[in-house]
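Visitor: Please take a close look at a single part of this model, the residue annotated as an active site, and set it beside the helices described with it.

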Amino acid sequence: MNIRTILFDLDGTLIDTNELIIQSFLHTLEKYYPGKYKREDVLPFIGPPLYETFNALDPSRVQEMIDTYRAFNHAQHDALIREFETVYETIETLHQNGFRLGVVTTKIHQTAVMGLKKTRLEPFFDCVIGLDDVKHAKPDPEPIYKALDLLQSTPDEALMVGDNYHDILAGKRAGTKTAGVAWAIKGREYLEQYEPDFMLEKMSDLLAIVGVKNE
C-alpha cells in the first residue's frame with residue numbers, strides 16, 4: 001500500500017468542535033422551536049450540511065435558520081473548540097515526511113480555515129475543500145476528486161479519514177482507502193457499520209498505517 005495523500009474531515013476528526021456544534025444547534029432550535037430540542041436530540045444533525053438538516057425541519061425558513069446558526073457559531077467559535085489528542089503532532093509529522101494533506105469538509109470554506117488557524121494546523125494543509133467549493137457535498141465523491149485534483153494525486157494513493165458515514169462513503173465512492181476515528185461522537189460501533197479500511201484509536205495510529213516511524 002503506497003499512500004502519499006491523506007484527506008481529512010474537519011469537525012470531530014481534526015478538531016473537537018462537538019460542543020460548538022451542539023450549542024449552535026441548541027441556540028438555533030430554541031429560537032425557532034422553544035423547549036422542543038434537548039442535547040441528545042441534536043446528535044443526529046451532526047455531519048450533514050446545515051441546509052439538509054434545516055430543510056427537513058422547515059423548508060420555508062432554511063436560510064434564516066442557517067444564518068442564526070452561523071452567527072452564533074462564529075461568535076462562540078474560539079471559546080468552544082478544542083484539540084484532539086495527538087492530532088497536531090501527527091499532522092506535523094506527516095507534513096514533514098512529504099505527505100500531501102487536504103481537508104474535505106461540509107463546513108463553508110471560510111469557517112473551516114478559521115478552525116485550522118485556531119488549532120495551528122493551517123500551514124500543514126495544501127488544500128481545503130469546503131461546502132461552498134463544490135456542487136455536491138459528501139457522501140458524493142466530488143469534494144474528494146476536487147481535493148485530489150488540486151493535490152495532483154489519484155485515489156489509489158489516497159486515504160480519507162473521518163468521523164462520520166459521509167466521510168467513509170465518499171472515500172469508498174471515490175476509490176480511496178478509508179479510516180474511521182474511534183473518538184467520533186456517534187461512537188466507534190456506528191462507524192464500523194460502514195466498514196472503513198482502518199479504525200484509528202488516536203490520530204497518531206495513522207503514522208504506522210502509512211509507514212512513518214513515530215519518534
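Guide: The following account begins with the annotated residue and then turns to two helices. The model is predicted. According to the unreviewed UniProt entry, the annotation "active site" covers Asp9. Aspartate 9 lies in the loop between β1 and β2. Its relative accessibility is 6%, and aspartate 9 therefore counts as buried, the cut-off being under 20%. The side chain of aspartate 9 makes a polar contact with the side chain of threonine 13, at 3.2 Å. Leaving aside residues up to four places away in sequence, aspartate 9 touches Leu14, Val104, Thr105, Lys138, Met160, Val161, Gly162, Asp163 and Asp167.

The strands β1 and β2 that flank this loop also appear in the surroundings of the two helices. β1 (5–8) is among the elements that cover the buried residues of α5, together with β3 (82–83), β4 (100–104) and α10 (205–209). Helix α5 spans residues 87–96, and its buried residues include Val87, Tyr88, Thr90, Ile91, Thr93 and Leu94. Just after α5, glycine 98 adopts a positive phi of about 85°.

β2 (15–16), for its part, packs against the buried residues of α6, as do α4 (62–80), β4 and β5 (127–129). In helix α6, residues 109–118, the buried positions are Thr111, Ala112, Val113, Gly115 and Leu116. A positive phi is found just after α6 as well, where arginine 120 takes a value of about 65°. Strand β4 thus appears in both settings: it helps to cover the buried residues of α5, and the buried residues of α6 pack against it.

Notes: Residues numbered from 1 in each chain as written. Predicted model: local features only at pLDDT ≥ 70, side-chain atom pairs only at ≥ 80, totals over all residues. Heavy atoms only, no water. Buried < 20%, exposed > 50% of the residue type's maximum accessible area, 1.4 Å probe, protein only. Helix = DSSP H or I, 4+ residues; strand = E, 2+ residues; numbered from the N terminus. Contact = heavy atoms within 4.5 Å. UniProt positions renumbered as here; feature names shortened; annotations may be inferred. Polar contact = N/O pair within 3.5 Å; in protein donor to acceptor, adjacent residues only side chain to side chain.
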